[in-house]
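Me: I'm new to reading protein structures. Could you walk me through some features, step by step?

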Amino acid sequence: MNSESTSSKPAATENSSTTAASDTGNQQLKRRQEALEVFAKGDDTKDKELNSELSQIITDVAAIGATRYRWEQLRKLLIHKLKRVVGKYRETDPKTGEVDGEAFEVRYKRVLDFME
């Protein structure tokens with residue numbers, strides 16, 4: 001009888017730690033969704049810095065290849081990130097040439113048009 005109660009304790013501990021990890025993951029997801037909603041509602045996102053929650057959303061989507069976020073909100077975040085990265089790239093190397101026989105500006109505009 002003692003061995004039965006001992007063997008059930010590790011399972012209970014394992015289940016509680018799995019539940020705690022799941023709760024933490026759900027809380028993180030909820031915080032990220034809320035941060036994305038606030039970001040997407042803003043009109044002046046052009047000069048906004050991305051906070052850690054927003055940056056983590058991009059990392060999550062890249063890591064899992066799927067999204068748990070509303071596309072309309074995520075799209076705004078991705079466009080914002082793309083514009084910032086390309087802007088920084090242009091500051092360091094303003095002579096952007098052709099990419100596979102196509103002018104960089106033409107390709108960049110096409111990507112933005114597709115996303116917007």
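Reply: Sure. Let's begin with what counts as a helix: a DSSP run of H or I with at least four residues, numbered from the N terminus. Keep in mind that this is a predicted model. Here, arginine 75 sits in helix α3, which covers residues 71-92.

Me: Is arginine 75 buried or exposed?

Reply: The idea is to look at relative accessible area, where buried means under 20% and exposed means over 50%. Arginine 75 has 14%, so it's buried. In α3 the buried residues are Gln73, Leu74, Arg75, Leu77, Ile79, His80 and Val86.

Me: Which residues is arginine 75 in contact with, leaving aside neighbours within four places in sequence?

Reply: Those are Met115 and Glu116. There's a polar link here as well: a polar atom of the arginine 75 side chain lies 3.3 Å from the backbone oxygen of methionine 115.

Me: How do I check the length of a helix like α3?

Reply: Count 1.5 Å a residue and compare that with the distance between the end C-alpha atoms. For α3, 22 residues should span 32 Å, and the ends are 31 Å apart, so the two agree. Try α2 next: its 13 residues reach 18 Å from the first C-alpha to the last, close to the expected 18 Å.

Me: Which residues of α2 are buried, and where do they lie?

Reply: Start with the general idea: an α-helix has 3.6 residues a turn, so residues three or four places apart point the same way. In α2, the buried ones are Leu54, Ile57 and Asp60. Looking down the axis of α2, these buried residues fall within an arc of 110°, so they line one face of the helix. Ser52, Ala62 and Ala63 are exposed on the other side.

Me: What about serine 55?

Reply: Serine 55 belongs to α2, residues 52-64. Its relative accessible area is 30%, so it counts as partly exposed. Its C-alpha atom is 9.2 Å from that of leucine 77, although the two residues are 22 apart along the chain.

Me: What can I find at the two ends of α2?

Reply: At the start, a side-chain oxygen of asparagine 51 comes to within 3.0 Å of the backbone nitrogen of glutamate 53. After the helix comes glycine 65, which has a positive phi, near 75°.

Me: Now the rings, please. How many aromatic pairs are there?

Reply: A pair of aromatic rings is described by the distance of the centres and the angle of the planes. The count here is 2 aromatic pairs. Tyrosine 89 and phenylalanine 104 make a tilted pair, 6.3 Å centre to centre with 45° between the planes. This pair links distant parts of the chain, 15 residues apart: tyrosine 89 is in α3, while phenylalanine 104 is in helix α4, residues 104-115.

Me: What is the arrangement of phenylalanine 104 and tyrosine 108?

Reply: Their ring centres are 5.9 Å apart and the planes are at 10°, so this pair is stacked. They're 4 residues apart in α4, so about one helical turn separates them. Together, Tyr89, Phe104 and Tyr108 form one aromatic cluster.

Me: Which rings of that cluster are buried, and which is partly exposed?

Reply: Use relative accessibility again. Phenylalanine 104 is at 16%, so it counts as buried, and tyrosine 108 is buried too, at 12%. Tyrosine 89, at 37%, is partly exposed.

Methods: Residues numbered from 1 in each chain as written. Predicted model: local features only at pLDDT ≥ 70, side-chain atom pairs only at ≥ 80, totals over all residues. Heavy atoms only, no water. Buried < 20%, exposed > 50% of the residue type's maximum accessible area, 1.4 Å probe, protein only. Polar contact = N/O pair within 3.5 Å; in protein donor to acceptor, adjacent residues only side chain to side chain. Contact = heavy atoms within 4.5 Å. Expected span 1.5 Å × (residues − 1). Arc of directions from axis to C-beta. Phe/Tyr/Trp six-rings, centres within 6.5 Å; stacked < 30°, edge-to-face > 60°.
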